[in-house]
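These are my notebook entries on one structure. I set down what I looked up, in the order in which I looked.

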Amino acid sequence: MLNRVAKLTVGSKIMQGSGDYKGFNISFNVQKTLLGAPNKCEVSIVNLSRDTRTIVRERQLPIKLEIGHEDTELITLFEGTTTSAIPVQEGPDVVMTITAMDGQLGIIYATQQVTYDGPVPVSTVVEELAGTMDGVGIGPILVDGELKQKGRAFSGPTQQLLDTLTNEYGFSWSVQNGIFQAISDLKSLPQIFLISPEVGLQSAQPLLSGPFMVRAGVEIQALLNARLNPGQSVNLVSKLDPTLNGPYKIHNLDFNGDTHGEAWNMSLQSFIIGGVW
Amino acid sequence: MDLSGSKSGTQGDYLRQIIDRQLADTHTSIPAIVESFDPATQMIECIPVIRARKKTIDGVEFTEDRPKLVKVPLITPYVRMLGFSMTMPILPGDMVLLMFSERGLDYWQETGEISDPPEDKGARMHDLTDGIAAVGPISLPDAILDYQIDSMESRNRDRTSSFQLWEDELEARITNGTFTHQKANGDIDSEAVNNINTKVAVDCNFDIGANYNLVVSADDITDISGSGKRTTVGESIEYGESSVKKNADGTFEIHSDAEVVIKAPIIRLCGETIIQGNLVVEDEATISGLAFTPHVHEGVTIGSASTAIPTSSPGPGPAPAACPGKPARPTKPVIPAPVRRGP
C-alpha cells in the first residue's frame, strides 16, 4: 500500500502529513458539486503549534489541500478561502478544524446590472455574469442557445441570475478550485475516467428518479481519485451489476481522507448525460 | 442580502432568507424614467427609479442604478379591434409605471396573439425583462397644478388649453392658439337644444340645418365681404311686424303694416304691374313715352264716342333703360298733343 500524503496550505503556513505518521495527522472531507453552490472543505489537523493556530484562525485565508502518495505528484483536491478555524481539545490533543469554501465570496457577493438588447449567445451572458465574481477565474463555458429578440435585463445577485438561466437554457454552473465553469445538460467536460474494480470501484447502485423510478444515474463508492471533478465523465464498469455500466456525468463528489486512519475514498453521484434527473 | 452567517442561523432565519431572496427577485411594479421612446413601435427604454442595494465583501453597503430596460411595450388606452386609442407625446424624462408580467412576453410582443413562453425550459416569472409601461406616475415635484376635482380634464401644463367635461357641460378652451374642429370632409356639425353662442372668425361655409333657426343678436353685422351672391332659401325674412316672404307658388311678398318706402333715383318695375289700390303720382307721369299730365286729345265729340289718342304733350320723358334681358324700347316720335274741346 502506497503511503498517503496530504499537504495543506493556509495562508503562508504549510502543513503536511503522511501515512507513515510523519508530519501532521490530517483528515479531510471535501464536497464538490456541479449545481451552483460553493464547494466545501473541512480539514482537521492535530496538534498545531499555538502560533500556527493563531495564524490559521484569521478570516478568509487562502487555503489549498493537495493529496497524493509518496513519491508521486500531489494533486490539488481543494482550493478556496477559509470561513472558520476552531480548535477543540480531544484528550491530550488539540484538533484544529478548518472549514473553507470554494469561490464563496465571489459567488455570494457578486451582483450584476445589465441589459442585452437582442439575441446574444447565452454563453456570452454566462461569461459576463461569471466575470462579476471577485477572485474567480473563467473556465470552460459549454452552453448553447441565445437570448430571444427581445433581449434580457439582469439585476441582482449573480448567483441567482445564473440559476435563472440554468433553468431556462439547460446547463449547470459551478466554481471548481476557483475556476468558473458552465456545462450544458447535454454535454460534459472532455475528461473521462474509468471506474472499475481494478481501479478502486467499491460499489455502485442506481439512482432512481421520478414517479416511475427511472434510473437517472448511479452512486459510486471508490478509492479516492483527486483528479475527478464535477462536469467530467466516468465510465463505470461493474462486474456485480453490468446493467449499470456506461458513461455518466459527475454531479456531486464527496471525498474523505485521513493520513493516519482508514479513510481514503470518494462517493460520487453521476447521471446519464442528457437524461432525466 | 446578507448570507454571511451574521444572523442567528436558526431554521426560521434560514427560511426567511430564502423567502427574502426570492421576493427580491420577484419583480412586480416600479416607476421608471423614460430614456427614449419610439413612436413607430410604441416601445420605450427606461431605468427603474429605485436603485438596487448592494454590499461589498467587506460589508460596506452601497446602491447602484438598475439596468436600462429596453423594448418595453406601452400601455395607453387602446382597443385594437376598432382601433380607437388615446395617445400621449412621450419624451425622455417622462415617468412610467412598470408592471412585470408573470411570464415572458417575447412572442406575444412579436405576434400580438396567444403565444408559447419564450424559454425552452422552466418559466421566466416576474422578470425584469418583462415590464410593461403605463405613463403617468406622479412624484411630489411633478404634481399637477390646479388639479380639477369636479370635472374630467385634458389639459396642458399651465391649463391655458383644456378640454373639460362636467356632469352636464363640456368645454374646450384654447387661450393662446388655434382651435380646430373639423370633420374629414371639412364640415363642422354643431347641434344645440337652445343656444349656440359663438364668437369666432369664420373662414368657411357656415350652414344651419334645415330644421333649425339662426338667431344673430350682434349689434352690427359688418363684415360680409364675399363677392358671390347671397342666397336665402327659407320662406321669409322678418323685421318685427314686417316681412319679406316667398310664397309656395313662387310669388314674392314685401309686407308692412305701415309703409314700404323704396328710395332710388330710378325705380324700375320690369314686368306687368298690377296695382290693386289707389295709385297716387305726386309728380310727372309718362306712359309709353307720353306725358300723362298735361296731355291733349283730338277728336273730342259730344256723346259716347271716344276721343282720338292723345296727340300732344309737353314732351317725352327720358327714354327708359332696358330691363335685364330685354332690348331697349325705341323712343317713339313726338305726336302733337290733342286739343281738348269742351262738350
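Entry 1, surface patch. I began with the term: nonpolar side chains are joined into a patch within 5 Å, and each residue must have over 30% relative accessible area and no salt bridge. I note that the model is predicted. In chain B, I found a nonpolar surface patch formed by Phe252(B), Ile254(B), Val260(B), Ile262(B), Ile267(B) and Leu269(B). Together these residues have about 640 Å² of accessible area.

I then looked up one member, Ile262(B). It lies in the loop between β13 (252-255) and β14 (286-287) of chain B. Its relative accessibility is 54%, so Ile262(B) counts as exposed, the cut-off being over 50%.

Entry 2, cysteines. How many disulfides are there over all chains? The count is zero. I also checked two cysteines for burial: Cys41(A) is buried at a relative accessible area of 3%, and Cys46(B) is buried at 0%.

Entry 3, aromatic pairs. I recorded three aromatic pairs over all chains. One of them joins Phe28(A) and Trp264(A), with ring centres 5.7 Å apart and planes at 75 degrees, so I entered it as edge-to-face. Phe28(A) is in strand β3 and Trp264(A) in strand β18 of chain A, and the two are 236 residues apart. Phe28(A) is buried at 4% relative accessibility, and Trp264(A) is buried at 6%.

Next I looked up Tyr116(A) and Phe154(A). Their ring centres are 6.0 Å apart and their planes stand at 75 degrees, so this pair is edge-to-face. Tyr116(A) belongs to strand β8 and Phe154(A) to strand β10 of chain A, so the pair ties together parts 38 residues apart in sequence. Both Tyr116(A) and Phe154(A) are buried.

Conventions: Residues numbered from 1 in each chain as written. Chains lettered and ligands numbered in written order. Predicted model: local features only at pLDDT ≥ 70, side-chain atom pairs only at ≥ 80, totals over all residues. Heavy atoms only, no water. Disulfide = S-S within 2.5 Å. Buried < 20%, exposed > 50% of the residue type's maximum accessible area, 1.4 Å probe, protein only. Patch = residues over 30% accessible without salt bridge, like charges linked within 9 Å, V, L, I, M, F, W, Y side chains within 5 Å. Areas by Shrake-Rupley, 256 points an atom, 1.4 Å probe, with all protein chains shown as cover. Salt bridge = Lys/Arg side-chain N within 4 Å of Asp/Glu carboxyl O. Helix = DSSP H or I, 4+ residues; strand = E, 2+ residues; numbered from the N terminus. Phe/Tyr/Trp six-rings, centres within 6.5 Å; stacked < 30°, edge-to-face > 60°.
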